[in-house]
Amino acid sequence: MFQTEGFLISEHGGSEKLVWTPLSLPDPGPEEVKILVQYIGLNHLDLWVRRGVPGHKFPLPLIPGSDVVGVVEEVGSSVQTILVGSHVIVNPVLSCDRCNACFSGQHQLCDSFGLLGETRHGGCAFHLVVPFRNISILPTSYSACEMASFPLVFLTAWHMLIGRAQLRPTETVLVHAAGSGVGTAAIQIAKFFGAKVFTTVGSPEKMKKALELGADYAFNYQQEDWVQKVRELTRKKGVDVVIDHVGKDTFPFSLKVLAKGGRLVTCGATTGATVEIDLRPIFFKGISILGSTMGNRSELTTIFQLIEKKAFRPVIAEVLPLSQLAKAHQLLEQREVFGKIVMEVTKE
């Protein structure tokens, strides 16, 4: 065991449940590495872990935080490809690497699938221990702080658009919640593949930022009938793909704006998981509803290669010291940010 410090969630509730505490963590096993954490990118997942999800059991007490950048401090006895002192970025997806799903490159379908900060201690601490196969050498195209904004949301958006929807050039895509991490990633990925992008936002300021990021059209859902706008701009055809992680507030309307043969991909339900839908348009129009959770190691490798070439850029709303994790959670809950919040880990 080794001694460190970090934020621990021992019971679900408000931001006051994020408690800074001394920690005793296991030394890295033969195929693991210990990382001195430098930066952590926050995700909506962190809120769910802290609040709790009805019907789902988290392995509390738990250190949150999925997107980690840091320096390798110690390696296990079987690790030969990673050196102490290497600057690395962590793949948050956990899997067994031994089942048929893993062998076929579908790590997200593994029976042992999990995420750092959700099913195993995450990075909101001075140190983190992870399997060495979850480590990649840090791309040098952006700073360590900027790189912490990429992994979870870009892997999620990539798998939704490319792995599940199989997006093709010249198609049209509607991305909900442009200011979210998944939203900012999906806009960039869709544009990279030559799609025309529509998006929804909650304020004029976010509308401006969405257009600057590359969206062709942005609609303020609080002031406009975005369903009608999309139908008008597509000459009543509708869009080919909808990226929806909002859930109850958008799902029925997302179906309405899909073209014949359209695909709706969902990866979350931040406004509620229970929806009522009319089945008739689904079979009359040949619509596909596709579920998606994270992605696989090969997809993340491709993403990092494209980031190295600056095909995508980080979208960071705030950089805060880890000591202000509760404030960061509150900002996410209030939807006051466009892009990611990154926490800087320093020993004062």
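This passage describes helix packing, nonpolar cores, aromatic pairs and one loop residue in a predicted model.

Two packed helices are described by the angle between their axes and the distance between the axes. Helix α4 covers residues 151-164, and helix α10 covers residues 297-308. Their axes come within 10 Å and cross at roughly 110°. The crossing therefore makes α4 roughly perpendicular to α10. On the α4 side, the contact involves Pro 151, Phe 154, Leu 155, Trp 158, His 159 and Gly 163. These meet Glu 299, Leu 300, Thr 302, Ile 303, Phe 304 and Leu 306 in α10. By class, the contact residues comprise eight nonpolar, three polar and one charged.

The largest nonpolar core contains 95 residues. Met 147, Leu 161, Val 173, Ile 243, Ile 341 and Met 343 have the most contacts inside this core. Helix α4 supplies the largest share, eight residues. A second, separate core has 15 residues, among them Phe 219, Trp 226, Val 257 and Ile 287. Met 343 touches Gln 38, Tyr 39, Ile 40 and Leu 42, leaving aside residues up to four places away in sequence. On the same count, Met 343 also touches Leu 320, Pro 321, Leu 322, Gln 324, Leu 325 and Ala 328.

Aromatic pairs number twelve. One of them joins Phe 7 and Trp 20 in an edge-to-face arrangement. The ring centres are 5.1 Å apart, with 70° between the planes. Phe 7 lies in strand β1 (residues 2-9) and Trp 20 in strand β2 (residues 18-25), so the pair ties together parts that are 13 residues apart in sequence. Phe 7 counts as buried because its relative accessibility is 7%, under the 20% cut-off. Trp 20, at 35% relative accessibility, counts as partly exposed. Elsewhere, one aromatic cluster consists of Tyr 142, Phe 150, Phe 154, Trp 158, Phe 192, Phe 193 and Phe 312. Phe 154 and Trp 158 from this cluster also take part in the α4 contact with α10.

Asp 97 sits in the loop between β6 (93-94) and α2 (100-103). With 24% relative accessibility, Asp 97 counts as partly exposed. Contacts of Asp 97 are with Cys 102, Phe 103, His 107, Arg 133 and Arg 297, again not counting residues up to four places away in sequence. The C-alpha atoms of Asp 97 and Met 147 are separated by 25 Å. Along the chain, Asp 97 and Met 147 are 50 residues apart.

Conventions. Residues are numbered from 1 along each chain as its sequence is written. This is a predicted model: local features need pLDDT of at least 70, side-chain atom pairs count only at pLDDT 80 or more; totals for chains, interfaces and linings use all residues. Side-chain values use heavy atoms; hydrogens and water are left out. Axes are lines fitted to C-alpha atoms, for helices over the stretch in contact, and angles run from 0 to 180 degrees between N-to-C directions. Helices (H or I, at least four residues) and strands (E, at least two) are DSSP runs, numbered from the N terminus. Angles under 35 degrees count as roughly parallel, over 145 as roughly antiparallel, 65 to 115 as roughly perpendicular and the rest as oblique. Contact means heavy atoms within 4.5 Å. Ala, Val, Leu, Ile, Met, Phe, Trp, Tyr, Cys and Pro count as nonpolar, Asp, Glu, Lys and Arg as charged, and the others, Gly among them, as polar. A nonpolar core is a set of buried Ala, Val, Leu, Ile, Met, Phe, Trp, Tyr and Cys residues joined through side-chain atoms within 4.5 Å. Buried means under 20% relative accessible area, exposed over 50%, partly exposed in between (1.4 Å probe, protein chains only). Rings of Phe, Tyr and Trp (its six-membered ring) pair if their centres lie within 6.5 Å; planes under 30 degrees apart count as stacked, over 60 as edge-to-face and the rest as tilted.
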